[in-house]
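Good morning. I will take ring contacts and then cysteines. Please have the sequence and the model up.

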Amino acid sequence: WHKRDDASTRLEPAAKRRMMVEAAGERTAAGGLVAPRINEVLEVSTAAARRPQAQLPPGTSLVAGTASVTTNPRPSTQLVCLHDLSQLLAAAGPSAAAAAPSAPSGAQAASAPAPEPDPAAARRSLFGLVEAHAGGEECAAWVASELPRRLAARLADCSDSAAIKAAVREAYEACDAALIAEAEARGWGGGCGVGLLLVDTCPTPPRAYLASLGAGRAFACCKQDGQAARAVPLGRPHSAADAKEKGRLAKAGATASGGLVCGLPVSRSLGDGAAKRAAPGVLLPTPDVSSFDISAAQRFVLLGSSGAWKGGAAAGETAVQKLSAELARMDARRNEIAAMLSDDSRLALLAAGRVNALQRERDERACEGAVLADLSRSLAGGKQLADPPFALLLVRTLPPDDRAAVALHAASTAAA
């Protein structure tokens, strides 16, 4: 626009420069956004801050990026958000090898060389919620830090689905034994439930694994083009109200009183050492592990702590449908704002206040956090709660041709 001759734009060069400088603000010339010379605009760059390009895993075909957003996590709920398990192993060093089944023990573990980096770990991401119960806040914080490290170590050299599922179960069980010992030594009480989503982009197509333990629930959104979104339950709540758990408890000789198992609201958990010693085989640390291939139909996975699903599967279906519609509208608006803020000619015609308003809308409203906040209010009965009695976690899987994928991955990486 600014390089056309005056006859086509019907503006004098001085008028062009004045319009652009006024739109971008008083500090434009000093900031180098507009470089004037002999009343000619030589260069114009956007006044809006642009998000960095995300470096996506090499060879990724379907999943371009994963991002997680949580809304108002309570102190009793811990968030797990790891986009690259190889960084976790590198930070753990030789101690990560000690968590693996075949690792040496004692002095041998201390003197063993650091394991070779696992190339597959760089293409695996882990997201989840750890929900404390019966005063187990310390246990939940410990599990949120320790379980991902143990899981990453056990996933080394695992490639097929059966081996990965076995490694997940073993990691939960080993973490439970270590947690009970740690809690006894430190005087901690209670325990926690854990829901983890592992996104593995190594195979083609990529595959997702959901390990659920406790009263939390997770739902996947499946939506074919031209069809309504539907919710697919992943796992099941482990409580006395579940038919399968009720049958398992009956075989173990346990009975539920008032919906409680051994005085707890869950029938499976990590920790709760006193209850497990009093009734062996009743409270299990073994999660349910399900998996599915990630295709274009799988739009996102929504995880929530126990308080979010008082309506059961129907509440999950409603939440997924509402979230699917709101995310589509939000993506369209975010792309519209991105197009405006990256188009120098359009940006130059906007007043500085309008540019700032678009930036605030992009960061505060046209984002997953705002959509989840709206859903949180909906699940809370429309009430505006400063601290909802539950936590939600959204994990989106996007194909590479989705315009929101790179920005979404970059935003989540920056937040992490």
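The structure has one aromatic pair, and keep in mind that this is a predicted model. The partners are Phe-219 and Trp-309, arranged edge-to-face. Their ring centres are 5.1 Å apart, with 65° between the planes. That angle counts as edge-to-face because the cut-off for this class is over 60 degrees.

Now to where the partners sit in the chain. Phe-219 belongs to strand 8, residues 217–222. Trp-309 is in the loop between strand 12 (298–304) and helix 11 (313–342). The two residues are 90 apart in the chain, and the pair thus links distant parts of it.

Are these two rings' residues buried or exposed? Phe-219 has a relative accessible area of 1%, so it is buried. Trp-309 comes out at 6% relative accessibility, and therefore also counts as buried; the limit for buried is under 20%.

Next, the cysteines. How many disulfides are there? The count is zero. A disulfide would need two cysteine sulfur atoms within 2.5 Å.

Take Cys-192 as one case. The nearest cysteine sulfur to it is that of Cys-139, 6.3 Å away, and Cys-192 is in no disulfide. Cys-192 is buried, at 0% relative accessibility.

Cys-221 is another case. Its nearest cysteine sulfur belongs to Cys-222, at 6.8 Å, and Cys-221 is in no disulfide. Cys-221 is buried too, with a relative accessible area of 0%.

To recap: one aromatic pair, and zero disulfides. That is what I have for today.

Technical notes
Residues numbered from 1 in each chain as written. Predicted model: local features only at pLDDT ≥ 70, side-chain atom pairs only at ≥ 80, totals over all residues. Heavy atoms only, no water. Phe/Tyr/Trp six-rings, centres within 6.5 Å; stacked < 30°, edge-to-face > 60°. Helix = DSSP H or I, 4+ residues; strand = E, 2+ residues; numbered from the N terminus. Buried < 20%, exposed > 50% of the residue type's maximum accessible area, 1.4 Å probe, protein only.
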